[in-house]
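Student: Could you give me a close look at the salt bridges here, and how they fit with the rest of the fold? I'd like one connected walk-through rather than a list.

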Amino acid sequence: MARFDTTFDASGVEPLTGYELLPAGDYVAQIVESEMRPTRNGNGELLWIAMDILEGQYQGRKAYDQLNLINPNPTTVEMAQRTLSAICHATGELHVSDSEDLHFKPMTIRVSIRKPKDGGQERNQIRYLVPKDEPATAPARPAAPQRPARSAAGTTPTAPARTNAAPWKAKA
């Protein structure tokens, strides 16, 4: 039991009803809270993020996201890291060591409605938009092999002999 110091008058306070989804669209938002939390099954951790909408009709509303950064499934981790990279690019903070480095940095998010496969409740899905003035970064592709230049004597230098041993199996 919790005893209040005074009598709470609910007639003067708007009651909280069910959470309403944000309509699909683009919004200017900023992260205001973040923390690492354990996953439901306990075998990983996720970065939980709370954002405030900063402009427009839905100014002051909240949006939430979570990134499963620690998980036994490498695909799940890769997707979370790519989303974190999108947040970093959207906020202009490309090198972060703490999620608080991303707080209070306005960015544009794209909200869509995700329909559950299992018949549960619909949810907002958040995508983080990279500013148009930032060049897109794509993974570097290895350069095509080039023929070595011929020396003045007209001979082609030879490459060092290859071994079949994997580098990680080399003796230290």
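Tutor: Let's start with the overall layout, go through the salt bridges, and then look at the surface and a few other spots.

First, a caution: this is a predicted model, so everything below is read from computed coordinates. The protein has 1 helix and 5 strands, and along the sequence they come in the order β-β-β-α-β-β. There are 172 residues, and 23% of them are buried. If you take the contacts between residues at least 6 apart in sequence, 45% of those join residues at least 24 apart. About 14,000 Å² of the protein is exposed, with carbon and sulfur atoms supplying 52% of that area.

Now to the part you asked about. How many salt bridges does a search of the whole structure find? The count is 6. As a general point, side chains of opposite charge can pair when their charged atoms come close. Let's take three of the pairs in turn.

Begin with Lys62 and Asp52, whose side chains meet with 2.8 Å from N to O. Lys62 belongs to strand β3 (residues 62-70) and Asp52 to strand β2 (residues 45-53), so this salt bridge ties together parts that are 10 residues apart in sequence. How open is Lys62 to the outside? Its relative accessible area is 28%, so Lys62 is partly exposed. That follows from the cut-offs, because buried means under 20%, exposed means over 50%, and partly exposed is whatever falls in between.

Next comes Arg37, which pairs with Glu35 in a salt bridge whose closest N and O atoms are 2.9 Å apart. Both partners land in the middle class: Arg37 is partly exposed because its relative accessibility is 30%, and Glu35 is partly exposed because its value is 38%.

The third pair is Lys115 with Glu122, again a side-chain salt bridge, at 2.9 Å from N to O. Here the two ends fall in separate classes. Lys115 counts as exposed because its relative accessibility is 60%, while Glu122, at 38%, is partly exposed.

With those pairs in mind, where do arginines gather on the surface? Arg40, Arg114, Arg123 and Arg127 come together there as a patch of positive charge. Patch members have no salt bridge and over 30% relative accessible area. Arg114 is a handy one to find on screen, since it sits in strand β4 (residues 107-114). With a relative accessibility of 40%, Arg114 is partly exposed, so that value clears the patch cut-off of over 30%.

The surface has a nonpolar patch as well. Phe4, Phe8 and Val13 make it, and it covers about 360 Å². Phe8 is in the segment before β1 (25-38), and Phe8 counts as exposed because its relative accessible area is 57%. Glu20 is in the segment before β1 too, and at 54% relative accessibility Glu20 is exposed. What lies across from Glu20 in space but far along the chain? The C-alpha atom of Glu20 is 9.7 Å from that of Asn124, although the two residues are 104 apart along the chain.

Now move to the loop between α1 (74-91) and β4, which holds Phe104 and His103. Is His103 buried or exposed? His103 is buried, because its relative accessible area is 12%. Setting aside neighbours within four places in sequence, His103 touches Ile31, Val32, Glu33 and Ser34. Val32 is 71 residues away along the chain, yet its C-alpha atom is 5.4 Å from that of His103. Phe104, by contrast, is exposed, with a relative accessible area of 52%. The backbone of Phe104 is worth a glance too: its phi is near 60 degrees, a positive value in a residue other than glycine.

Last stop is helix α1, where you'll find Thr83. Beyond its neighbours within four places in sequence, Thr83 is in contact with Asp65, Leu67 and Tyr128. Asn68 is 15 residues from Thr83 along the chain, and their C-alpha atoms are 9.9 Å apart.

Key. Residues numbered from 1 in each chain as written. Predicted model: local features only at pLDDT ≥ 70, side-chain atom pairs only at ≥ 80, totals over all residues. Heavy atoms only, no water. Patch = residues over 30% accessible without salt bridge, like charges linked within 9 Å, V, L, I, M, F, W, Y side chains within 5 Å. Areas by Shrake-Rupley, 256 points an atom, 1.4 Å probe, with all protein chains shown as cover. Salt bridge = Lys/Arg side-chain N within 4 Å of Asp/Glu carboxyl O. Lys, Arg positive; Asp, Glu negative; His and termini not counted. Charge placed at Lys NZ, Arg CZ, Asp CG, Glu CD. Helix = DSSP H or I, 4+ residues; strand = E, 2+ residues; numbered from the N terminus. Buried < 20%, exposed > 50% of the residue type's maximum accessible area, 1.4 Å probe, protein only. Contact = heavy atoms within 4.5 Å.
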